[in-house]
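Colleague: Could you take me through one part of this model in detail, namely its largest pocket, and set it in the context of what surrounds it? I would like one connected account rather than a list.

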Amino acid sequence: MTTHFYTASSVDGFIATTDHSLDWLLSQDIDEDGPMAYPGFIARVGALAMGASTFEWVMRHEKGRWDYAQPTWVFTHREMSAPEHGDVRFTQDDVRRVHAEMLAAADGKDIWIVGGGDLAGQFADAGLLDEVWLQYAPVTLGAGAPLLPRRLDLELIEVARNRSFLCGRYRVVGAPAP
Ligand SMILES: NC(=O)c1ccc[n+]([C@@H]2O[C@H](COP(=O)([O-])OP(=O)(O)OC[C@H]3O[C@@H](n4cnc5c(N)ncnc54)[C@H](OP(=O)(O)O)[C@@H]3O)[C@@H](O)[C@H]2O)c1
């Protein structure tokens with residue numbers, strides 16, 4: 001069971017604009033059956049974690065509908081409303097305890113840290129992030145939500161082009177020695 005941070009990024013390392021727009025991403029060309037595309041990835045995922053902004057984006061974008069079949073942990077300090085359907089669990093617990101719950105719920109499948117970047121970093125800080133999958137869209141944003149605001153060493157284990165996207169899969173080696 002592998003814990004992945006799978007995300008798209010601008011070439012300059014942002015996963016959303018400063019006002020949490022993904023228009024720059026959703027307008028890009030991708031082959032859903034092509035290399036490192038989402039359908040093949042999500043089929044192997046048994047549990048998800050995301051931060052409050054990402055959850056709010058999904059709820060806005062899907063107009064309140066929740067399409068994930070997997071149990072999802074949403075990290076927040078606020079009172080938030082769960083979607084009518086789906087298994088959404090709000091938490092502000094330690095990432096280690098949440099990760100253990102996710103492993104138990106995932107039933108042998110992988111874990112997806114959806115984002116944002118700092119939440120993925122919190123799992124990396126605890127030594128719980130195994131892989132980072134990046135789809136680089138051919139844009140720069142100049143500013144926005146950071147991809148992974150940590151100092152980490154990564155090993156490149158797969159590279160592909162999917163239409164507009166440069167895709168890389170990395171193993172997390174860990175924080176460099178001080
Ligand atoms: N390009 C892509 O493929 C992609 C993928 C994923 C996300 N995104 C986008 O990227 C943006 C990410 O936004 P973001 O950088 O603000 O990150 P985020 O992780 O989505 O949200 C950050 C918020 O999550 C809560 N949070 C994080 N860690 C927590 C913890 N340990 N305990 C309790 N609450 C915690 C806090 O919310 P509160 O304290 O306010 O409750 C924090 O302000 C969103 O717009 C999202 O839609 C893009």
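**The largest pocket and its surroundings**

Modeller: The domain assignment of the protein gives domain 1, made of residues 1–9, 31–45 and 124–178, and domain 2, made of residues 69–108. The model is a predicted one, and everything below should be read with that in mind. The centres of domain 1 and domain 2, taken over C-alpha atoms, are separated by 21 Å, and 6 residues of domain 1 are in contact with 7 residues of domain 2. Between domain 1 and domain 2 an area of about 600 Å² is buried, with carbon and sulfur atoms giving 69% of it. On the side of domain 1, the residues M1, A126 and L128 supply 72% of the area that this domain buries against domain 2, more than any other three residues.

This brings us to the pocket itself. The largest pocket lies between domain 1 and domain 2, because both domains give residues to its lining. Its volume is about 1,300 Å³, and its lining comprises 42 residues, of which T7, L22, T54, W57 and V114 lie nearest the centre of the pocket. Sorted by class, the lining of the largest pocket holds 21 nonpolar residues, 16 polar residues and 5 charged residues. As background, rolling a probe the size of a water molecule over the atoms shows where empty space is left.

Several elements contribute to this lining. At least two lining residues of the largest pocket come from each of the strands β1 (3–10), β2 (14–16), β6 (110–115) and β8 (145–146), and likewise from each of the helices α1 (23–26), α3 (52–61) and α5 (117–125). The largest share of the lining, 6 residues, is that of α3, which makes this helix a natural place to look further. The buried residues of α3 are A52, F55, W57, V58 and M59, and W57 is also one of the residues nearest the centre of the largest pocket. The buried residues of α3 are covered by elements that include α1, β3 (45–51), β4 (72–75) and β5 (88–91).

After α3 comes K63, which sits in the loop between α3 and β4. K63 has a positive phi of about 55 degrees although it is not a glycine. With a relative accessibility of 75%, K63 counts as exposed, because that value is over 50%. For context, most residues other than glycine have a negative phi, and most peptide bonds are trans. A departure from the second of these tendencies is found at the peptide bond from G115 to G116, which is cis with omega near 0 degrees. G116 is placed in the loop between β6 and α5, and both β6 and α5 are among the elements that each supply at least two residues of the pocket lining.

Another residue nearest the centre of the largest pocket is T7, whose place is in strand β1. T7 has a relative accessible area of 10% and is therefore buried, the cut-off being under 20%. Setting aside its neighbours within four places in sequence, T7 is in contact with I15, W133, L134, Q135 and L147.

Two of these partners, L134 and Q135, are also touched by C167, a residue in strand β10 (165–174). C167 is buried, with a relative accessible area of 1%. Beyond residues up to four places away in sequence, C167 touches P35, M36, E158, V159, A160 and N162 as well as L134 and Q135. Computed along the sequence C167 and A8 are 159 residues apart, yet their C-alpha atoms are 8.8 Å apart in space. In the loop between β9 (153–162) and β10 lies R163, which has a positive phi of about 45 degrees although it is not a glycine. R163 is partly exposed, with a relative accessible area of 44%.

Finally, the loop between β2 and α1 contains D19, and β2 and α1 both belong to the elements that each give at least two residues to the lining of the largest pocket. D19 has 59% relative accessibility and counts as exposed. The C-alpha atoms of D19 and A145 are separated by 8.8 Å, although these residues are 126 residues apart along the chain.

Technical notes: Residues are numbered from 1 along each chain as its sequence is written. This is a predicted model: local features need pLDDT of at least 70, side-chain atom pairs count only at pLDDT 80 or more; totals for chains, interfaces and linings use all residues. Side-chain values use heavy atoms; hydrogens and water are left out. Helices (H or I, at least four residues) and strands (E, at least two) are DSSP runs, numbered from the N terminus. Buried means under 20% relative accessible area, exposed over 50%, partly exposed in between (1.4 Å probe, protein chains only). Contact means heavy atoms within 4.5 Å. On a 1 Å grid over the protein atoms alone, a cavity is a set of points where a 1.4 Å probe fits but cannot get out, and a pocket is an open set with protein on both sides within 12 Å along at least five of seven lines; lining residues have an atom within 4 Å of a point. Grid points are joined across faces, edges and corners, and a volume is the space filled by probe spheres set on the points. Ala, Val, Leu, Ile, Met, Phe, Trp, Tyr, Cys and Pro count as nonpolar, Asp, Glu, Lys and Arg as charged, and the others, Gly among them, as polar. Domain bounds come from an automatic or database domain assignment. Buried area is the accessible area (1.4 Å probe) that two parts lose on being put together, summed over both.
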